[in-house]
Amino acid sequence: MSNADIEQLRVRVIALENLVITLLAEASHGQLKMALDMATFISPRRGAVPHALTSRAGRQMAHLVRRAGPFRV
């Protein structure tokens, strides 16, 4: 990938994160709980070899839910 491709990918990820935060800000408590449950679900299971990217993805999902908090009505 060229530097321009990587830059464009970064811009898209930032846009998607902010869109997800917007949607989470309007989500019901049940939907927020489901998002947090899914974040835990993708974490390494008991007895499995932890994978760094999986662990980070779960933490990032929970972080996005928390970031939506200040925007909730």
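**View 1. Ser2, at the start of the chain.** In this predicted model, Ser2 counts as partly exposed, with a relative accessibility of 35%. You will find Ser2 in the segment before helix H1. To get a feeling for distance here, pick out Arg12 as well: Ser2 and Arg12 are 10 residues apart in sequence, and their C-alpha atoms are 15 Å apart in space.

**View 2. Helix H1 meets helix H3.** Let us follow H1, which covers residues 3-25, to the place where it packs against H3, residues 52-68. The axes of H1 and H3 are 8 Å apart, and the angle of packing is about 60°. That angle makes H1 oblique to H3. The crossing of H1 past H3 is right-handed. Which residues in H1 meet H3? They are Glu17, Asn18, Val20, Ile21, Leu24 and Ala25. On the H3 side, look for their partners Gln60, Leu64, Val65, Arg67 and Ala68. Sorted by character, the residues of this contact of H1 with H3 are seven nonpolar, two polar and two charged.

**View 3. Helix H2 meets helix H3.** Now turn to H2, residues 29-41, which packs against H3 at an angle of about 160°. The axes of H2 and H3 lie 8 Å apart. With that angle, H2 is roughly antiparallel to H3. H2 passes H3 in a left-handed crossing. From H2 come Leu32, Ala35, Leu36, Met38 and Ala39, and they meet Gly58, Met61, Ala62 and Val65 in H3. The contact of H2 with H3 is made of eight nonpolar residues, one polar and no charged.

**View 4. The largest nonpolar core.** How many residues does the largest nonpolar core have? The count is nine, and you can tick them off one by one: Ile21, Leu24, Ala25, Ala27, Leu32, Ala35, Leu64, Val65 and Ala68. Helices H1, H2 and H3 are the elements that give two or more residues to this core. You have already seen some of these names, including Val65, which is part of the contact of H1 with H3 and also of the contact of H2 with H3. Another core member to look at is Ala27. Leaving aside residues up to four places away in sequence, Ala27 touches Leu32 and Arg72.

**View 5. Gly69, after H3.** Gly69 belongs to the segment after H3. Its relative accessible area is 33%, so Gly69 is partly exposed. Try finding Leu24 in this view too: Gly69 and Leu24 are 45 residues apart along the chain, and 8.3 Å separates their C-alpha atoms. Leu24 is also one of the residues of the core.

**View 6. Phe71, also after H3.** Is Phe71 buried or exposed? Phe71 counts as exposed, because its relative accessibility is 57%, and exposed means over 50%. Phe71 lies in the segment after H3. Not counting residues up to four places away in sequence, Phe71 touches Ile21 and Ala25. Both of these partners can be found in the list of core residues. For one last distance, look at Leu23: Phe71 and Leu23 are 48 residues apart in sequence and 10 Å apart in space, C-alpha to C-alpha.

Conventions: Residues numbered from 1 in each chain as written. Predicted model: local features only at pLDDT ≥ 70, side-chain atom pairs only at ≥ 80, totals over all residues. Heavy atoms only, no water. Axes fitted to C-alpha atoms, helices over the stretch in contact; angles between N-to-C directions. Helix = DSSP H or I, 4+ residues; strand = E, 2+ residues; numbered from the N terminus. Parallel < 35°, antiparallel > 145°, perpendicular 65-115°, else oblique. Left-handed = near helix turned anticlockwise from the far one by under 90°. Contact = heavy atoms within 4.5 Å. Nonpolar A, V, L, I, M, F, W, Y, C, P; charged D, E, K, R; others polar. Core = buried A, V, L, I, M, F, W, Y, C linked by side-chain atoms within 4.5 Å. Buried < 20%, exposed > 50% of the residue type's maximum accessible area, 1.4 Å probe, protein only.
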